[in-house]
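Student: I would like to learn how to read a few features of a protein–DNA model. Could you take me through them one at a time?

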Protein chains: 2
Amino acid sequence: MSILRRNTDYALRAMVNLAGHYGGDVVATRQLSAEEDISYQYAAKIMQLLHAAGLVKSTMGSHGGFSLARPPQEVSLLDIIKAVQGAVSLNDCFLDADACPRRSTCVISAKIAGLQEYIEKSLAGITLAEFATDSMSEHVNAPKEK
Amino acid sequence: MSILRRNTDYALRAMVNLAGHYGGDVVATRQLSAEEDISYQYAAKIMQLLHAAGLVKSTMGSHGGFSLARPPQEVSLLDIIKAVQGAVSLNDCFLDADACPRRSTCVISAKIAGLQEYIEKSLAGITLAEFATDSMSEHVNAPKEK
DNA sequence: CGAAGTAGGACTATATTACTCCTATACAGC
DNA sequence: GCTGTATAGGAGTAATATAGTCCTACTTCG
């Protein structure tokens, strides 16, 4: 199983694309969808998620589109992941304390809490700026070609 | 999303149970299922997975059952995860190189490969012996009670 | 032989993820 | 103010993955 979903990959590609236009024009969903090989309708949904998370600014109406809300070096991989697929957690009890009635006494939970923290910190440490430069459309979970 | 599945939790509980009987009698699936609150049929499936992975030894026939194939301190959480839910991977391209045509030049892949490795090492470093002692049936992803 | 066990294929049900459709709303340019 | 091109977002469908069941072997002890 893969932890990062296709969703996240699309979002990441879109964000990298926007990073390339940072400080310049807004980019329309239609353009993002064409350049990054995402269906227009689905791309629109993903942009909504990114917008709801405050990662992008939107300009409505004709000649509208999206732009990064913050400079690339201030947008982390974790931000993007959280925006499109929710928090990544090793197990449910980190997301929802009610998921496990023995949470408080659980030895396993204690054992892996450290790892959980490390993962989040790592993802938070990787920013858009780091892969925005030379690769405009690298991606993680591209749909497999047939 | 949770990385560890319910499947894995069941398996973990079963393994902890078996660890409690290490060196003694085999434990029948019927008993495991009752003690760890897993449906008998499903428990049987999970035991098959653990057996196929070589983590448990099976004794067929009447008075048969399962026992750990190795001492608890030599069975890691990663072993169990791999047996029941397959390898944990940050993204598809670590599992299947064909999943992404740009794998070789992908900056993102390079960035998170280190994290991927760290996660595996951490999980491999946690063994059954560490939580087998005082908690016979702790679990991670118990189905939520209503 | 029969009871109690594992082995395993095939199937069903449920949940999650991916994706589409349709309508509303905003804004620029004519 | 109309029209074309945008985003906003609810609602629904399709595909896939996970969880769980059913049934029929085969194995061994008593």
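Tutor: We will go through one helix, then the aromatic pairs, then the two DNA strands, keeping in mind that this is a predicted model.

Student: Let us begin with the helix. Which residues of helix H2 of chain A are buried, and why do they fall on the same side of H2(A)?

Tutor: A residue is called buried when its relative accessible area is under 20%. In helix H2 (residues 29-36) of chain A, the buried residues are A:Thr29, A:Leu32, A:Ser33 and A:Glu36. Because they cover an arc of only 100 degrees around the axis, they lie on the same side of H2(A). The other side of H2(A) carries A:Arg30 and A:Ala34, which are exposed.

Student: What do the buried residues of H2(A) pack against, and which residue follows H2(A)?

Tutor: They pack against helix H1 (6-20), helix H3 (40-52) and strand E2 (65-68), which belong to chain A. The residue that follows H2(A) is A:Asp37, and its phi is positive, near 60 degrees.

Student: Now the aromatic rings. How is a pair of them described, and how many aromatic pairs does the structure hold?

Tutor: A pair of aromatic rings is described by two values, the distance of the centres and the angle of the planes. Over all chains, the structure holds three aromatic pairs. In one of them, A:Tyr10 and A:Tyr42, the ring centres are 5.9 Å apart and the planes stand at 85 degrees, so the pair is edge-to-face. This pair links distant parts of the chain, since A:Tyr10 sits in helix H1 of chain A and A:Tyr42 in helix H3 of chain A, 32 residues apart. A:Tyr10 counts as buried at 9% relative accessibility, whereas A:Tyr42, with a relative accessible area of 38%, is partly exposed.

Student: What kind of pair do A:Tyr118 and B:Tyr118 form?

Tutor: Their ring centres are 3.6 Å apart and their planes at 20 degrees, so the pair is stacked. This pair crosses between chains, from A:Tyr118 in helix H6 (residues 107-125) of chain A to B:Tyr118 in helix H6 (residues 107-125) of chain B. A:Tyr118 is partly exposed at 34% relative accessibility, and B:Tyr118 is partly exposed at 35%.

Student: Turning to the DNA, which residues come nearest to DNA strand D, and which helix gives the most to the surface near DNA strand D?

Tutor: Of the 26 residues around DNA strand D, those that come nearest are A:Lys45, A:Gln48, B:Arg5, B:Arg6 and B:Ser39. H3(A) gives the most to the surface near this strand, with four residues. Among the atoms of DNA strand D within 4 Å of the protein, 62% belong to sugar or phosphate, and the rest belong to bases. As for individual contacts, a polar side-chain atom of B:Arg5 lies 2.7 Å from a phosphate oxygen of DNA strand D, and a side-chain N or O atom of A:Ser58 is 2.9 Å from a phosphate oxygen of that strand.

Student: And which residues are the closest to DNA strand C?

Tutor: DNA strand C is surrounded by 27 residues, and the closest are A:Arg5, A:Arg6, A:Ser39, B:Lys45 and B:Gln48. A side-chain N or O atom of A:Ser39 is 2.5 Å from a phosphate oxygen of DNA strand C, while a polar side-chain atom of B:Lys45 lies 2.6 Å from a base oxygen of DNA strand C. By class, the surface near DNA strand C has eight nonpolar, 15 polar and four charged residues.

Note on methods:
Residues are numbered from 1 along each chain as its sequence is written. Chains are lettered from A and ligands numbered from 1 in the order in which they are written. This is a predicted model: local features need pLDDT of at least 70, side-chain atom pairs count only at pLDDT 80 or more; totals for chains, interfaces and linings use all residues. Side-chain values use heavy atoms; hydrogens and water are left out. Buried means under 20% relative accessible area, exposed over 50%, partly exposed in between (1.4 Å probe, protein chains only). Helices (H or I, at least four residues) and strands (E, at least two) are DSSP runs, numbered from the N terminus. The arc is that of the directions from the helix axis to the C-beta atoms. Contact means heavy atoms within 4.5 Å. A residue is near a molecule or strand if one of its heavy atoms lies within 4 Å of it. A polar contact is a pair of N or O atoms within 3.5 Å; within protein, one must be able to donate a hydrogen and the other to accept it, and residues adjacent in sequence count only if both atoms are side-chain atoms. Rings of Phe, Tyr and Trp (its six-membered ring) pair if their centres lie within 6.5 Å; planes under 30 degrees apart count as stacked, over 60 as edge-to-face and the rest as tilted. Ala, Val, Leu, Ile, Met, Phe, Trp, Tyr, Cys and Pro count as nonpolar, Asp, Glu, Lys and Arg as charged, and the others, Gly among them, as polar.
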